[in-house]
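Me: Could you take me slowly through one part of this structure, explaining each term as you go? I would like to look closely at a pocket and at the strands beside it.

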Amino acid sequence: MGLLDGLLRDKIVLVNGGSQGVGAAIARAAVREGAVVAVTGRRTEPGEALVAELSAAGGKAMFVRADLADAEQAKAAVCEVVDAYGRIDCLVNSAGLTSRGTLLDTTPELFDAHVAINLKGPFFAMQAAVADMVARRAPGTIVNIITSSAHGGQPFLAPYVAAKAGLVGLTRNAAHAHRWDRIRINGLNIGWTATEGEDATQRAFHGAGDDWREQASARLPMGKLGQPDEIADFVVFLLSDRSGVVTGSVIDWDQNVLGGLD
């Protein structure tokens, strides 16, 4: 049983950063709702494994190896999908870099790396996708996976916050620019989420042990971390026609309330 059974039927969906974590969950949900899905990633093995999984379940999927930090590869990935299927209907920018850095210790190289994957990649992927939609005079939808830290975040996330806050502005700017093209562009500010990437980050930068998820969950209002499959269902809804005319919205998908104080 799907979210609404066929919410994305026959849509061509590209999920950047779709080979693991939230991106992979979105790819699974999109296939379940009837979409043809392409996923990008830097590593071939997990990308092809996901495509094999989706195909075995009766879905239609392809993997495009691409480093979204490279603007040309970001654009080329979209073009490869258009070449394969004739069009692109939906784009999800889910690739992200979360390595740590404060205002005082961030190097220019680290800053540039965050801007490249968290802002420049989505910009040029959107550019290529919107160009295809406009050329065909066809509607389309885009969802950018952002972060609740874009509101400010922790001190050790300075370059991450800078780049992701830029993606918030880009989301609204592009949505405004292309609303008359019937291209809807929205963003999702997700909170702390249980993914493979977050596990690696917690272990590498915070000395976390095997029980870090349980400890983190106990400190959160809902008693659990954000779940990729729940985020994926919400993204699929935003990609679908059932989300109506909403565009330019950056939604806080989190259990902490901005401005709320204890």
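Reply: What follows goes from the sheet to the pocket. This is a predicted model, in which local features need pLDDT of at least 70 and side-chain atom pairs count only at pLDDT 80 or more, while totals for chains, interfaces and linings use all residues. Residues are numbered from 1 along each chain as its sequence is written, and side-chain values use heavy atoms, with hydrogens and water left out.

Seven strands (DSSP runs of E, at least two residues, numbered from the N terminus) form an open sheet with parallel pairing, in the order β3-β2-β1-β4-β5-β6-β7. Its edge strands, β3 (60-65) and β7 (250-253), each pair on one side only, where pairing requires that DSSP finds at least two bridges between two strands. Within this sheet, β5 and β6 run parallel and are joined by six bridges, and I145 stands opposite L188 in β6.

The second largest pocket has a volume of about 230 Å³. A pocket here is an open set of points on a 1 Å grid over the protein atoms alone, where a 1.4 Å probe fits, with protein on both sides within 12 Å along at least five of seven lines; lining residues have an atom within 4 Å of a point. The volume is the space filled by probe spheres set on the points, which are joined across faces, edges and corners. Of the 14 residues lining this pocket, P139, G140, R182, R184 and D241 are the closest to its centre. Both β5 (140-145) and β6 (183-190) supply at least two residues of the lining. By class, the lining has five nonpolar, three polar and six charged residues, with Ala, Val, Leu, Ile, Met, Phe, Trp, Tyr, Cys and Pro counted as nonpolar, Asp, Glu, Lys and Arg as charged, and the others, Gly among them, as polar.

Definitions and conventions: Helices (H or I, at least four residues) and strands (E, at least two) are DSSP runs, numbered from the N terminus.
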